[in-house]
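Q: Could you take me on a close look at one part of this model, the open sheet and what packs around it? I would also like to see how that part sits within the rest of the chain.

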Amino acid sequence: MSDDTIRLVTIGRIIRRRRRLLVILVVVGALVGYGTSLLLPPRYTTSASVLLPGAWEERELLTQAEIATTSVVVDRAAAALGWPGVSGNELREQLSAKAADGNIIKISGTADTPARAQRLADQVAEEFVAFAAQISGDSTDPEAAGQPEALRQLVERTSRRITELADEAGSGKSVESVQTRTELAKLRTALQEAVDKLDKAEPADGRASMVVLGPAARPTGEAPPTRTQLVVAGALLSFLLAVLGHLAAARVSRRLRTEPEITAALGSTLLGTVDVPAQRPEHRPGGRGPRARIRRLLGVDVRWDIPTPQRSGDEASRQIRYRRVYARLRDRLPSSRELLVVVPDGDEVARRAADQLVTEAGSAPSPNSSSGVHPLLRVVEVSVSRPMVPDPDDESGAVVVLSAGSWTAGELAGIAEACTDARHEVVGIVLAGTVWARPTRPAAHARQAATANRTPDDTTPTLVADDPSPTLVADDTTPALARGDDAPGGKG
């Protein structure tokens with residue numbers, strides 16, 4: 001999984017096999033979003049529009065939008081509103097302005113009630129228009145409006161007086177009179193240019209006459225994020241984090257999945273791969289107690305990172321796999337001896353495969369064998385946390401049966417070391433995988449297929465204690481108990 005590309009089928013497998021955990025996390029996320037909505041008071045937002053007549057460039061509109069939320073405008077609005085305990089700095093956090101199409105500045109106000117939001121937007125719009133008129137020289141004061149006209153009349157009177165002084169200066173025969181008339185003419189020309197500039201500036205001043213386009217609309221709904229949005233966002237965020245957490249855990253997983261990695265960790269050779277019919281999703285090693293019950297309740301004991309089982313052949317084809325594995329095992333032994341079938345504790349797939357291997361080996365027909373090797377099989381479960389393999393009794397060797405993708409290199413190395421400490425040579429490895437079983441064929445056809453595919457040197461193995469059933473051990477320190485014995489067994 002750590003080197004595989006994440007596909008939609010992987011996410012679908014997470015949702016399918018972790019649905020109970022995901023549902024609980026989604027509900028928790030929704031409750032967190034609901035609790036957050038209770039801590040945040042409801043907010044309402046509305047906007048007032050201010051029209052700027054004339055031709056305005058985009059940068060000029062942006063400048064006017066910045067002016068609408070300056071401290072001067074906001075402080076004036078706060079003083080006009082007179083809300084107790086609300087200063088201009090607090091109001092500025094509740095205001096925003098932006099330039100819209102058509103030379104319109106939209107001033108938005110946010111408050112805890114619809115009425116306060118409406119009043120805030122309207123008041124700031126009025127203060128903005130008044131401040132813009134003040135800095136542009138436009139005013140509704142009659143005295144201020146009459147100042148340009150009075151200045152124009154003063155210029156005209158001064159120009160006439162200059163003409164009179166020029167006439168009184170004489171005919172210009174003397175040098176002094178010529179100089180005086182020249183200076184007066186220059187002064188009259190400068191005054192006339194000032195009047196012309198004043199006339200040209202009046203239309204530009206009229207461009208700044210802004211208009212508030214009616215009162216702001218009273219809001220009818222809360223401003224985002226609403227309570228519903230917070231609940232949905234909490235549920236969705238919890239779901240995404242849970243899926244990403246599963247993918248991250250799979251990426252950093254150190255469980256061995258390939259045959260070369262497993263054989264290298266155990267230091268032996270692979271005898272073959274056998275199929276185990278899938279009954280239900282495989283569970284991780286659990287146990288008893290509150291933690292195990294909680295894991296089962298949440299569904300986290302179900303392995304999600306195992307690929308969906310593939311379809312296999314019928315029962316006869318699966319039996320052939322077990323018999324071929326046993327034949328390879330028999331060919332590797334120099335003499336007849338008893339072997340331990342070591343299964344990691346908690347690997348239910350491997351345990352079922354080991355039982356089937358012993359069963360099929362014991363029930364197979366016994367043709368003549370050139371090697372004459374008849375190894376005895378005994379199944380033991382070994383804990384991966386503290387591996388302990390029984391000391392040799394009549395056994396002299398071990399076969400490790402496990403499922404791929406369940407154990408790390410360190411855990412498998414521990415099992416191999418435990419076998420070495422107990423003076424058991426690991427003579428081979430058998431990998432077990434789950435498959436979807438097809439309908440079983442009739443017994444007669446199964447026997448015919450098994451006989452047709454049997455190797456010439458297949459030999460029926462001898463079972464422990466001459467019992468027609470294979471011998472199984474439930475504890476790695478307890479003597480073997482034949483099936484049918486009434487003695488209780490332990491947990492390996």
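A: Happy to. In this predicted model, the protein chain holds 15 helices and 12 strands. Of its 492 residues, 40% count as buried. The chain exposes about 27200 Å², with carbon and sulfur atoms supplying 55% of that area. Among contacts between residues at least 6 apart in sequence, 83% join residues at least 24 apart.

Now to the sheet itself. Four strands make an open sheet in the order β2-β3-β1-β4, and the pairing is antiparallel. The edges are β2 (95-100) and β4 (211-212), each of which pairs on one side only. Helix α3 packs on this sheet, where it touches β2 and β3, and its direction makes about 165 degrees with that of β2. Another helix, α6 (residues 114-136), lies across β1, β2, β3 and β4 and runs at about 25 degrees to β1.

Let's go through the pairings. Strand β1 (residues 44-51) and strand β3 (residues 104-111) run antiparallel and are joined by eight bridges. If you want a spot to centre your view on, Ser49 stands opposite Lys106 in β3. On to β2: six bridges join this strand to β3, again with the two running antiparallel. Here Leu95 stands opposite Gly109 in β3. As a general reminder, strands of a sheet pair through backbone hydrogen bonds, either parallel or antiparallel.

The turn from β2 to β3 deserves a pause. This hairpin has three residues between the strands, and Gly102 takes a positive phi near 85 degrees there. Asn103 also lies in the loop between β2 and β3, and its phi is positive too, at about 55 degrees, although Asn103 is not a glycine. Asn103 has 18% relative accessibility, so this residue counts as buried, the cut-off being under 20%.

A good residue for seeing what surrounds helix α3 is Gln64, which lies in that helix (residues 58-68). Leaving aside residues up to four places away in sequence, Gln64 touches Leu52, Trp56, Ile105, Phe128, Ala132 and Met210. Among these, Ile105 falls within the range of β3, while Phe128 and Ala132 fall within that of α6. The relative accessibility of Gln64 is 11%, so this side chain's residue counts as buried.

Close to the start of α6 in sequence, you can pick out a salt bridge: the side chains of Arg116 and Asp112 meet at 3.4 Å, N to O. Both partners are partly exposed, Arg116 because its relative accessibility is 30% and Asp112 because its relative accessible area is 38%.

For the wider setting, the count comes to five salt bridges. One of them pairs Arg321 with Asp275, at 3.3 Å from N to O. This pair links distant parts of the chain, with Arg321 in helix α12 (residues 315-332) and Asp275 in strand β5 (residues 270-277), 46 residues apart. Arg321 counts as partly exposed because its relative accessibility is 39%, whereas Asp275 is buried, with a relative accessible area of 11%.

Another joins the side chains of Arg351 and Glu381, 2.6 Å apart from N to O. Arg351 belongs to helix α13 (residues 348-363) and Glu381 to strand β8 (residues 376-382), so their pairing ties together parts 30 residues apart in sequence. Arg351 and Glu381 are both buried. Together with Asp355, these residues, Arg351 and Glu381, are linked in a network of salt bridges.

A few backbone details are worth finding as you look around. The peptide bond from Pro224 to Pro225 is cis, with omega near 0 degrees. Pro225 is found in the loop between β4, the edge strand we met above, and α9 (227-251). Arg423, also not a glycine, has a positive phi of about 60 degrees. That residue, Arg423, lies in the loop between α14 (409-421) and β10 (426-436), and with 61% relative accessibility Arg423 counts as exposed.

Finally, look at the surface of helix α2. Leu31 has its place in this helix (residues 19-39), and counts as exposed because its relative accessibility is 57%. With Val23 and Val27, Leu31 forms a nonpolar surface patch of about 280 Å² of accessible area together.

Definitions and conventions. Residues are numbered from 1 along each chain as its sequence is written. This is a predicted model: local features need pLDDT of at least 70, side-chain atom pairs count only at pLDDT 80 or more; totals for chains, interfaces and linings use all residues. Side-chain values use heavy atoms; hydrogens and water are left out. Patches are made of residues with over 30% relative accessible area and no salt bridge: like charges are joined within 9 Å, nonpolar side chains (Val, Leu, Ile, Met, Phe, Trp, Tyr) within 5 Å. Accessible areas come from the Shrake-Rupley method with a 1.4 Å probe; for residues, only the protein chains shown count as cover. A salt bridge is a side-chain nitrogen of Lys or Arg within 4 Å of a carboxyl oxygen of Asp or Glu. Buried means under 20% relative accessible area, exposed over 50%, partly exposed in between (1.4 Å probe, protein chains only). Contact means heavy atoms within 4.5 Å. Two strands pair if DSSP finds at least two bridges between them. Axes are lines fitted to C-alpha atoms, for helices over the stretch in contact, and angles run from 0 to 180 degrees between N-to-C directions.
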